[in-house]
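Hi everyone, thanks for making time. I'd like to walk you through one structure today, so please have a look at it before I start talking.

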Amino acid sequence: FSDAFQYPPCTANTTITQLKSIKSTCDPQNIEAFFAAYELYHFSGVVDLFWCNWSSADLNWFLTPEAL
């Protein structure tokens, strides 16, 4: 919010794609390498997303500005 850089939208599809990319290059059992790869995407360390099969998992759909 404090800078003028336009960040890409944070969508479920983007998150799932990035997570699959990390899983394809790093073994989740190798914790140090896996978390090092996670840091590049600023993820919290969740390996499997419980909401990845939900059709309306995008924040844009269920978190409206009024709730903020």
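**A walk through the fold**

Among contacts in the chain between residues at least 6 apart in sequence, 44% join residues at least 24 apart. Please keep in mind that this is a predicted model. The chain holds 3 helices and 0 strands, and reading along the sequence gives you the pattern α-α-α. Of the 68 residues in the chain, 22% are buried.

Let's start with helix α2. Which of its residues are buried? In α2, those are F34, A37 and Y38. They span an arc of only 105° around the axis, so they sit on the same side of α2. The general idea will be familiar: an α-helix has 3.6 residues a turn, so residues three or four places apart point the same way. Turn to the face of α2 that points away from the buried side, and you meet the exposed residues E32, E39 and L40. And what covers the buried residues? The cover includes α1.

Now for the aromatic rings. How many aromatic pairs does a search of the whole structure find? It finds 4. Take F35 and Y38 as one of them: the ring centres are 6.1 Å apart and the planes meet at 65°, and since an angle over 60 degrees counts as edge-to-face, that is what we call this pair. Both residues belong to helix α2, which covers residues 31–41, and they are 3 residues apart, about one turn of the helix. Their surroundings can be told apart by accessibility. F35 has 37% relative accessibility, so it counts as partly exposed. Y38 has 1% relative accessibility, so it counts as buried.

Y38 has another ring partner, F43. Here the centres are 5.3 Å apart and the planes are at 75°, so this pair is edge-to-face too. F43 is partly exposed, with a relative accessible area of 23%. If you step back, ring pairs link F34, F35, Y38, Y41 and F43 into a cluster.

Let me move on to the residue that comes after α2, which is H42. H42 lies in the loop between α2 and α3, and α3 is residues 59–62. What is the backbone doing there? The phi of H42 is positive, about 60°, although H42 is not a glycine. As for accessibility, H42 comes out at 73%, so it counts as exposed.

H42 also brings us to the largest pocket, since H42 is one of the lining residues. The volume of the largest pocket is about 250 Å³. Which residues line it? From the early part of the list you have Y7, P8, P9, C10, T11, T14, T15 and Q18, and then there are L40, Y41, H42 and F43. The elements giving two or more residues to this lining are α1, residues 12–25, and α2. Which element gives the most? That is α1, with 3 residues. For those of you thinking about chemistry, the lining divides into 7 nonpolar residues, 5 polar and no charged. You may also have spotted some familiar names: Y41 and F43 line the pocket, and both are part of the ring cluster.

One last stop: T15, another lining residue of that pocket. T15 is in helix α1. Buried or exposed? Its relative accessibility is 15%, and buried means under 20%, so T15 counts as buried. Leaving out residues up to four places away in sequence, T15 touches C10, F43, L49 and W51. F43 is the residue whose ring pairs with Y38. T15 and Y41 are 26 residues apart in sequence, yet their C-alpha atoms are 9.0 Å apart in space.

So, to pull the threads together for you: α2 has its buried residues F34, A37 and Y38 on the same side, ring pairs join F34, F35, Y38, Y41 and F43, and the largest pocket takes lining residues from α1 and α2. Thanks for listening, and I'm happy to take your questions.

Key: Residues numbered from 1 in each chain as written. Predicted model: local features only at pLDDT ≥ 70, side-chain atom pairs only at ≥ 80, totals over all residues. Heavy atoms only, no water. Phe/Tyr/Trp six-rings, centres within 6.5 Å; stacked < 30°, edge-to-face > 60°. Helix = DSSP H or I, 4+ residues; strand = E, 2+ residues; numbered from the N terminus. Buried < 20%, exposed > 50% of the residue type's maximum accessible area, 1.4 Å probe, protein only. 1 Å grid on protein atoms, 1.4 Å probe; cavity = no way out; pocket = protein on both sides within 12 Å on 5 of 7 lines; lining within 4 Å. Points joined across faces, edges and corners; volume = space filled by probe spheres on them. Nonpolar A, V, L, I, M, F, W, Y, C, P; charged D, E, K, R; others polar. Arc of directions from axis to C-beta. Contact = heavy atoms within 4.5 Å.
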